[in-house]
Every structure is written in C-alpha cells, then in structure tokens.
Amino acid sequence: AIVADAKNTKKVNVSLGYSSKNFIVINNGIDLSTFHPDHRARQNLRNELNIQEDQILLGFVARWDPLKDHSNLLQALSIVKRSNHKFVCILVGSDITPQNSSLMQLVNENNLNEHVILLGPQNDIPAIMNALDLHILSSFSESLPLSIMEAMACGTPCVVTDVGDTALVTGDTGWVVPPKEPKALATGIESAITLISKNGKDELGQKCKRRIEEYYSLETMVDNYVELWKKSAETYKLKSSSTAE
C-alpha cells in the first residue's frame, strides 16, 4: 500500500503514474488533548497583545514561504480595512518578523502597520489558535494543512483558499475561496467578521471542533494505520502460505 495524507495528494500521484489501487488515504490527525478550546489561554494572550473587546483577532500560522502567499493575505486585509472593520491580524511562523524586509514591504505597501503584528515562531500554538476569532489560510498550494485543523480543534473557524484538501477539512464550518484572488479572500474574511461580530464564534466553533473530532483526530489516524498494518500482515501471511504450498 501507498499511504497519502490527503485525497488531493493521491490524485496528484496517480496522475504521475502511480497505481490507484495501491493508494490509501489516511489523513494526519490532531492531538485533541493539546488542541482544544481553552478560554483562559485565549484571554491571557489577547490581554498580552492588548486586543480590545470590540476588535476581531485574525491570524495566519505559517512560515515565510512563497506557497503560503502572504501577499494574497495582506492585499485582502487592505481591502477589508476599507470597510472599517475593527481588526488586528497576527502572523506567526519562521521568518515572520520585522527583520524580514520583503514581508515588511508588503505590510507597508498595503498600509497595514497598525493592523498587523509579526510574532515570528511561537512555541504555544494552541494558545494562538484559541486567542484567534478567525484563522486565515491564503496559500496557493497545500496538501492537508495542519494549521486549519489545529485552529478548528480549538473552536476557531477558518477562511481558506481552495487548495489541497482545505475544502474537505472545513466542510460547512468555514469559508472557501479561490487562491491568488485577494478580492475573493477579502469577501470571505468580511463575511466571517460580520457573522462573528454579530453572533460570536462559539456556536460555529463547536461545529469546527466536532468536525475535527469526527474526521481528523490523532486517534482516528492511529486506528486507520493499525487497520492497514493488520490487513497488510494478513495479505503477506496468505501469500507466504500460498508460496509454501
């Protein structure tokens, strides 16, 4: 068997010539004992970041990489800013710092200095995901991005670009938009902000959490691998017996 972590990964590899009958999809799983709703962690980090009660906290957890398309996100936020939404967006990941001149240029070009906080790499990602009202993924290429699964496990809804298996992960709990289209991403973000500002994120967050528990938990991943290994061992045993005879 050949294990793919996402349906899109299987599709791409089959198109390259691999046999589809040998492929099985086993999604990566999230440790729900680590990623779960935590109100205290949420409030502590929001206080530390000085986020006001009437501000929506957005975020994107991803390293500095062309595939993550931070330019798409920052252009979208520039559009959202014109609608007078009160928001702050934190960016977290390797090389996501003021010392990154290319990133700072994008922030300056889009006039987002008062709306974007660059936190660089962080150790406590569960606290980050809990603090957010909305997690955004702006990539133009992904397989099965763990960041949206981690956010959803913490009860944080997501706006994502339609790449890899992002639409499958979010299901009906989030907003899915085309990649490389800042206007479409801005529309998704604005729709999410409007809903969260009106109703809060708790009800939608519960749907996110239940979806990860049902389809993308670490336990589900382990069970699927154990089942695959059992079947593989049984097949090997049958073939060995047949050869011996």
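**Entry 1: contacts and overall build**

I began with contacts, meaning heavy atoms within 4.5 Å. Among contacts between residues at least 6 apart in sequence, 67% join residues at least 24 apart. I noted that this is a predicted model, where local features need pLDDT of at least 70, side-chain atom pairs count only at pLDDT 80 or more, and totals for chains, interfaces and linings use all residues. Residues are numbered from 1 along each chain as its sequence is written, and side-chain values use heavy atoms, with hydrogens and water left out.

Next I looked up the outline. I found 10 helices and eight strands; these are DSSP runs, numbered from the N terminus, with helices being H or I of at least four residues and strands E of at least two. The C-alpha atoms fill a box of roughly 75 × 35 × 30 Å, taken along the principal axes. For one pair I took the C-alpha to C-alpha distance: Ser19 and Gln105 are 46 Å apart in space and 86 residues apart in sequence.

I then turned to burial. Buried means under 20% relative accessible area, exposed means over 50%, and partly exposed is in between (1.4 Å probe, protein chains only). Of the 245 residues in the protein, 44% are buried. The protein exposes about 12800 Å², with carbon and sulfur atoms supplying 48% of it; the areas come from the Shrake-Rupley method with a 1.4 Å probe, and for residues only the protein chains shown count as cover.

**Entry 2: strand E3**

How many residues of E3 are buried? I counted six of six, and E3 is mostly covered. In a regular strand the side chains alternate between the two faces of the sheet. In E3, Ile56, Leu58 and Phe60 point one way, while Leu57, Gly59 and Val61 point the other way. I also checked the partner: E3 and E4 run parallel and are joined by six bridges, and strands pair if DSSP finds at least two bridges between them. Leu57 of E3 stands opposite Val88 in E4.

**Entry 3: helix H6 and Glu150**

My next stop was H6, where seven of the eight residues are buried, so the helix is largely enclosed by the rest of the structure. Its buried residues pack against several elements, including E3, helix H5 (125-131) and H9. After H6 comes Gly155, whose phi is positive, near 85°.

One residue of H6 (residues 146-153) made me pause: Glu150. Which side chain of opposite charge is nearest to Glu150? I found Lys68, 11 Å away, and Glu150 is buried yet has no salt bridge. For charge, Lys and Arg count as positive and Asp and Glu as negative, while His and the chain ends are not counted. Leaving aside neighbours within four places in sequence, Glu150 is in contact with Ile30, Phe35, Ile125 and Met129.

**Entry 4: salt bridges**

Side chains of opposite charge can pair when their charged atoms come close. The rule I used asks for a side-chain nitrogen of Lys or Arg within 4 Å of a carboxyl oxygen of Asp or Glu. The count comes to seven salt bridges.

Asp54 pairs with Lys86, with the closest N and O atoms 3.0 Å apart. Asp54 sits in the loop between helix H2 (39-48) and strand E3 (56-61) and Lys86 in the loop between helix H3 (70-81) and strand E4 (87-92), so the pair ties together parts that are 32 residues apart in sequence.

Asp172 forms a salt bridge with Lys207, where the closest N and O atoms are 3.6 Å apart. Asp172 lies in the loop between helix H7 (166-170) and strand E8 (175-177) and Lys207 in helix H9 (residues 202-215), so this pair ties together parts 35 residues apart in sequence. I noted Asp172 as exposed, at 58% relative accessibility, and Lys207 as partly exposed, at 30%.

Glu213 and Lys209 meet at 2.5 Å, N to O. They are four residues apart in helix H9, separated by about one helical turn. I also found a network of salt bridges linking Arg42, Arg46 and Asp133.

**Entry 5: a nonpolar patch**

Which residues make the nonpolar surface patch of about 320 Å²? I noted Val12, Leu16 and Tyr18. Patches are made of residues with over 30% relative accessible area and no salt bridge; like charges are joined within 9 Å, and nonpolar side chains (Val, Leu, Ile, Met, Phe, Trp, Tyr) within 5 Å. Tyr18 lies in the loop between helix H1 (7-15) and strand E2 (23-25) and is partly exposed, at 46% relative accessibility.
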